[in-house]
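Open the model in your viewer and keep the selection panel at hand. The stops below say what to select next and what is there.

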Amino acid sequence: MCAKKVDAIVIGAGWAGSILAKELTEAGLSVVMLERGDERATAVEGDYPSSIDELRGAIRHRLFQNLSQSTVTIRNTLDQEALPYRRLAAFLPGEGVGGAGLHWSGVHFRVAPDDLALRTNVVARYGKNFIPEGMNLQDYGVTYEELEPFFDKAEKVFGTSGEPYTIKGKIAGNGNRFAPDRSDAFPLPAMGEVYSASLFRSAAANVGYHPYALPAANASAQYTNPYGVQMGPCNFCGYCSGYDCYMYSKASPNVNILPALRQDPKFTLITKAHVLKVNLDADNKKATGVSYLDLRTKKQVELDADLVIISAFQFHNVHLMLLSGIGQPYNPQQNTGTVGRNFVYQTITTSRAWLSPKQYTNLFVGAGGAGVAIDDFNSMNFDHGPLGFVGGSPVWVNQAGVKPIAAAVGGPGGKAPTWGEGYKEAMVDTYRHSLTIDAHGSNMAYRDVYLDLDPTYSNAYGQPLLRMTFNWKDNDIRMNQYVVGKIEPIIKAMGATKYSLGMLKDGEVFDTRRYQTTHLGGGAIMGTDPKTSCVNRYLQSWDVSNVFVIGASAFPQGMGYNPTGMVAALAYWAAYHIRTTYLKNPGPMVQA
Amino acid sequence: MKYGLFTRAAFFGVAALLAGSVSELRAEDMSALIAQGKYVAEASDCSACHTVRGRGEFAGGMEFKLPIGSLYSSNITPDPTHGIGAYSEAEFSRAVREGVRRDGASLYPAMPFPSYARMSDGDLHALYVYFMKGVQPVALAVPPNSIPWPLSIRLPMTIWRAVFSPSVVAAQKDVNRPLRDDEIERGAYLVEGPGHCGACHSPRGMALQEKALSNSNGSLFLSGGAAIDGFVPTSLRQDQRTGLAGWSEDDIVQFLATGRNRRGEAFGGMTDAIFHGTQHLTDADLHAMARYLLSLQPHQPTLSAWHYDPSAANALQAGDASAQGAKVYVDHCEACHRSDGRGYAPAFPPLAGNPVLMSADPASLVHVVQSGAVLPGMTKAPSAFAMPAYSGILSSQQIADVVTFIRKAWGNNAAPVTAAMVEELRKSAPESAIKKGIIPLN
């Protein structure tokens, strides 16, 4: 078969793929980016006002993965048969150019430095026996100081709005005092605060916590990024999560990177290209390229390359590695292999407070990344010793804009009637006078929570589906219950007329039918030991050195923060080392 | 030092003529000449009319719809059969500057030869070399013009040419008139000559001739033209409210380089002129053009200056949307253009003080509302921006109301627009900018 040859193939047109494609073309490489979904342009798909049609958008899944072609199977425990995830609910992977980076909210964190070496930190502070049996607690193998320039770069590309705490060791603003030091300010000032967020700020401060403005990749002003692309300012319309921003103010690969990348003649984007597998040479040491299905012609295409970047959504990265035979699949019984190991999620629950009828929160107003948070119970910022769990949660009011259908489906909450006049009154009361507070927590990795290929179900192209084995664990349930308990005094300090606390119950089982978060992680994790990680600290496959696997698939634990900022920083970090080290001398960058 | 785009090109032109053949030039001189010719082609905006997506560069075939039928732009690639490969340099020069085809027939004045008559010998030579040696031949015929006999007889065009198009000698004499300094002379050459700005921005007479071909013909030159594809070219002179009064040199340079600046964004045919043409010019040339434009006295010197009036913004910000069209404005326009009408340039252009919407003829504004607008990404500003089309959402009355509001608010004080006018303009509304096919990809 006659295959075309390029310098590098990038799989997936989301944030990670777009960043790698931009960096590699800047390095002079010819790059083909393969995206299985459609081309997406704000001016066409996001044409106002149809762009903010909730039925067409979030309800009918305009920008999400088409599960009728490929999905995952899910089970809670090893002894169950996994069933296909046929209706989007618990998590919402993207599809099409921009990927989930087009329909995300825009919360744009860096990382809590302690989370990068969580095992080392927990052992140092509480001893090895503090780690529960069956928890695969691990370090990333990279430090915050090493990643800082790339967090900075990502913020400048995204046009991130925020308020710093310290810059180069000096107090520079009223930002998050638990946040690590910065080399520079945010490119834009923090977003304005809606009423619910400012109320949370004063109440949290009164209780003794340390509120700060959420860092948001929603532009607080018009902005031109280092690539020369331009953004308009956010107007708090609330159509962020699930939508492409018609104001060009929510950062996305489409708005912030691709306009510049598409001008580069060395760059080619091929849509409707479903990658079937990465092709390896005879002894499985080198990738020779990829095989993809051209979804327009239904023909299989071989494309050769010197370098293959797997940068699709988290679980697609793991799926592709398993389908391609890159690395050894994880086996939970024997605790061997690495691909699929440390599959993690996040532990998120929502509490609600109702205010007096004179206090208007107007939940339809909002911006996906804006709000006020506290980090007092995140990461290693508090004493876990007497609590006996690992992990934590930032807590925030992130009024992202509740659309009418979502509000109606969600119902009035609390103990309101479920129909009739009382229901209607409660709906109005909730929509106009309530606010929600999230505990947006970490999720640890466990020996019997993992990803592998499903033995029964296959996708539309005849390949086995990816199987998720996932359940909530006691450590994370207790963490969530503890942090939610800390929300109660804030709600009281707000003067709420009533409230309900959302928390996981003891022994609660993971339920796929309710939206929780799309922040899936792990399965192809980074680390310093090839026995317990898939990729090295530069996100290079331990087994096939010309394959890099970029994304939240590299996270050894689910962190409390939203993952996109970390994904972008890791992408720029990996790209930097590919450009400065790998391309000069291709081969393993860390000796196993 | 007058007025080749490149004095080197002029030198090589002479050298080539002496040598008798283009092909005898040394390779590096040839590639320099080709590069210079490419620049002249960009300054002359050739591809805006002669390149149609999907046919190949300069392969022609762009349709010009006239009431009497359709014209198609020519294939100007060096293909000997379908293009201009058989043209000698003299024949090429005669076509570009005098509007005479190789077979002696007159070109329709959609080809701006009355402006190109001003182009220097050196530029013409570089342009010829570029089209012969730097452009890929495309063996594609253009559709035949569909103008029926006897209107298809080109004799009237010959008369038209004789009456309205200057001789090369006369044009060159006007080019050589002294202006304030070399830079302004350079700007005048670019604007009046290859740039052919007047083809759209100057008024035309009964026979569709430009009423003035250079500023030496008087202040009608660049004082604003008749609607093209539904959009009305503004005055480029120092006219208050409807012209470039208040634009700085940098504003003009930025607009020509990127299609956007703090005062507005390009739409309609101007996006093509920038995309294919001016964005490729050097900063020095753009500054020269800007300085020349800033030197043009107003055509209507009695127009008063625009001053911002905050009352409309104050009313909207106090929740008062009782003014005619204010509610439509709040619901459909304010998110980007803001209650104060100042927009968020360069992403979203200001409406307050924008010369496009204070003109007597409201066609541009009404058509932008009806059909939307797309600003493509440019090399120096890769982001594309789109304004949605509202003709499917708003009634003619609503469009009349909102356009009236926009024309009145923030000190704009232009005349109201009626639903009947909007209904009439529906007929000439351009195709939706987004559907037209220039999909801005971000």
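**A buried cysteine in chain B**

Select B:Cys200 first: with 24 other C-beta atoms within 10 Å, it is buried, because 20 or more is the cut-off for that class. Keep in mind that this is a predicted model. B:Cys200 has its place in helix H10 of chain B. Now show its surroundings. Neighbours within four places in sequence left aside, B:Cys200 is in contact with B:Gly225, B:Ile228, B:Pro233 and B:Gly269.

Which residues share an annotation with B:Cys200? In an unreviewed UniProt entry, the annotation "binding site" covers B:Cys197, B:Cys200 and B:His201. Select B:Cys197 next. B:Cys197 is found in the loop between helix H9 (182–192) and helix H10 (198–201) of chain B. Buried or exposed? B:Cys197 counts as buried, because it has 24 C-beta neighbours inside 10 Å. Its contacts, again without neighbours within four places in sequence, are B:Val191, B:Leu222 and B:Leu236.

**The domains of chain B**

Colour chain B by domain: domain 1 is 7–164, domain 2 is 179–294 and domain 3 is 311–427. Taken over C-alpha atoms, the centres of domain 1 and domain 2 of chain B are separated by 23 Å. Between these two domains of chain B, 17 residues of domain 1 are in contact with 20 residues of domain 2. To see the domain 1 side, select helix H2 (27–43), helix H3 (46–50), helix H5 (113–116) and helix H7 (155–164) of chain B; these are the elements that give two or more residues to the side touching domain 2. By class, that side of domain 1 of chain B has ten nonpolar, three polar and four charged residues.

**Where chain B meets chain A**

Show both chains. In contact across the two are 22 residues of chain B and 24 residues of chain A. On the chain B side, select helix H16 (334–337) and strand E6 (385–387), the elements of chain B that give two or more residues to the side touching chain A. By class, this side of chain B has 17 nonpolar, four polar and one charged residues.

**Chain A as a whole**

Hide chain B and look at chain A on its own. Chain A has 15 helices and 21 strands. Along the principal axes, the C-alpha atoms of chain A fill a box of roughly 70 × 55 × 55 Å. How does the radius of gyration of chain A, with 592 residues, stand against that of a compact globule? A compact globule with 592 residues would have a radius of gyration near 25 Å, and the 23 Å of chain A agrees with this. Of the 592 residues of chain A, 57% count as buried. Among contacts in chain A between residues at least 6 apart in sequence, 75% join residues at least 24 apart.

**An annotated stretch and its hairpins**

Select residues 229–345 of chain A. An unreviewed UniProt entry gives this stretch of chain A the annotation "domain: Glucose-methanol-choline oxidoreductase N-terminal". Over residues 229–345 the chain is 16% helix and 29% strand, with the end C-alpha atoms 33 Å apart.

Go on to strand E11 (residues 273–280) and strand E12 (residues 287–294) of chain A, which run antiparallel and are joined by seven bridges. For one bridge, label A:Lys277: its partner in E12(A) is A:Ser291. E11(A) and E12(A) form a hairpin with six residues between them, and A:Asn284 in the turn has a positive phi of about 60°.

From E12(A), move to strand E13 (residues 299–310) of chain A; the two pair in the antiparallel sense over six bridges. Here A:Gly289 stands opposite A:Asp304 in E13(A). The hairpin of E12(A) and E13(A) has four residues between the strands, and A:Lys298 takes a positive phi near 60°.

**A six-stranded sheet in chain A**

The last stop is an open sheet of six strands in chain A, with the order E7-E15-E16-E17-E14-E20 and antiparallel pairing. Which strands lie at the edge? The edge strands are strand E7 (212–213) and strand E20 (498–500) of chain A, each pairing on one side only. Within the sheet, select strand E15 (residues 372–374) and strand E16 (residues 395–397) of chain A: three bridges join these antiparallel strands. To finish, label A:Ile374, whose bridge partner in E16(A) is A:Val395.

Conventions. Residues numbered from 1 in each chain as written. Chains lettered and ligands numbered in written order. Predicted model: local features only at pLDDT ≥ 70, side-chain atom pairs only at ≥ 80, totals over all residues. Domains from an automatic or database assignment. Contact = placed C-beta atoms within 7 Å. Nonpolar A, V, L, I, M, F, W, Y, C, P; charged D, E, K, R; others polar. UniProt positions renumbered as here; feature names shortened; annotations may be inferred. Buried ≥ 20, exposed ≤ 12 C-beta atoms within 10 Å, placed from the backbone. Pairing = 2+ DSSP bridges. Rg over C-alpha atoms; globule rule 2.2 N^0.38 Å.
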